[in-house]
Amino acid sequence: ALSQVVDVDELENATICDVNGLESVMGEYEGKKYLCWTISPKYSCVLEYMDRTITEDDIFSIAESVEIPVE
């Protein structure tokens, strides 16, 4: 599902990081930055942002606030 938004393999300056204990990847593509992670087989998340408009700490705060619906 992530590849429908951005191909993680195409990210430049990619780094592996952590969102709520889940492996995530942060990188750049065509002038935009992305934070991507998979919560479960059904849910993946992508935050797209411009570096000059928000801090990395704020991006992680937003990512860590994501909750999946209980089924």
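A salt bridge here is a side-chain nitrogen of Lys or Arg within 4 Å of a carboxyl oxygen of Asp or Glu. By that criterion, a search of the whole structure turns up one salt bridge. Please keep in mind that this is a predicted model. Its four strands form an open sheet in the order S1-S2-S3-S4, paired in the antiparallel sense, and helix H1 (residues 56-64) packs on that sheet. Here is a friendly tour, topic by topic.

**The salt bridge**

- The partners are Glu48 and Lys32, whose closest N and O atoms are 3.4 Å apart.
- Because Glu48 belongs to strand S4 (residues 44-49) and Lys32 to strand S3 (residues 32-38), the pair ties together parts that are 16 residues apart in sequence.
- Glu48 counts as partly exposed, since its relative accessibility is 45%.
- Lys32 also counts as partly exposed, with a relative accessibility of 33%.
- Lys32 has a second role to note: this S3 residue is the bridge partner of Tyr29.

**The sheet and its helix**

- S1 and S4 stand at the edges with a single partner strand each, so one side of each has no neighbour in the sheet.
- On average, neighbouring strands of this sheet are turned by 20° against each other, direction ignored.
- Helix H1 touches S1, S2, S3 and S4, and its direction makes about 50° with that of S1.
- As general background, strands of a sheet pair through backbone hydrogen bonds, either parallel or antiparallel.

**Strand pairs S1–S2 and S2–S3**

- Strand S1 (residues 12-19) runs antiparallel to strand S2 (residues 22-29), and six bridges pair them.
- One opposing pair in this hairpin is acidic by name on both sides: Glu12 stands opposite Glu28 in S2.
- Two residues lie between the strands of the S1 and S2 hairpin, where Asn20 takes a positive phi near 50°.
- S2 is also joined to S3 by six bridges, and these two strands run antiparallel.

**Ser24 and Ile16, a touching pair**

- Ser24 lies in strand S2, and Ile16 is found in strand S1.
- Are they buried or exposed? Ser24 counts as buried because its relative accessibility is 2%, which is under the 20% cut-off. Ile16 counts as exposed because its value of 58% is over 50%.
- Leaving out residues up to four places away in sequence, Ser24 touches Thr15, Ile16, Cys17, Asp18, Val19, Leu35, Cys36 and Trp37.
- With that same sequence filter, Ile16 touches Glu23, Ser24 and Val25.
- The C-alpha atoms of Ile16 and Gly27 are separated by 8.9 Å, and these residues are 11 apart along the chain.

**Cysteines**

- How many disulfides does a search of the whole structure find? The search finds zero.
- Cys36 is in no disulfide, and the nearest cysteine sulfur, that of Cys17, is 9.2 Å away. A disulfide would need the two sulfur atoms within 2.5 Å.
- Cys36 is buried, as its relative accessible area is 2%.
- Cys45 is likewise in no disulfide; its nearest cysteine sulfur is that of Cys36, 9.6 Å away.
- With a relative accessible area of 13%, Cys45 is buried.

Definitions and conventions: Residues numbered from 1 in each chain as written. Predicted model: local features only at pLDDT ≥ 70, side-chain atom pairs only at ≥ 80, totals over all residues. Heavy atoms only, no water. Pairing = 2+ DSSP bridges. Buried < 20%, exposed > 50% of the residue type's maximum accessible area, 1.4 Å probe, protein only. Contact = heavy atoms within 4.5 Å. Axes fitted to C-alpha atoms, helices over the stretch in contact; angles between N-to-C directions.
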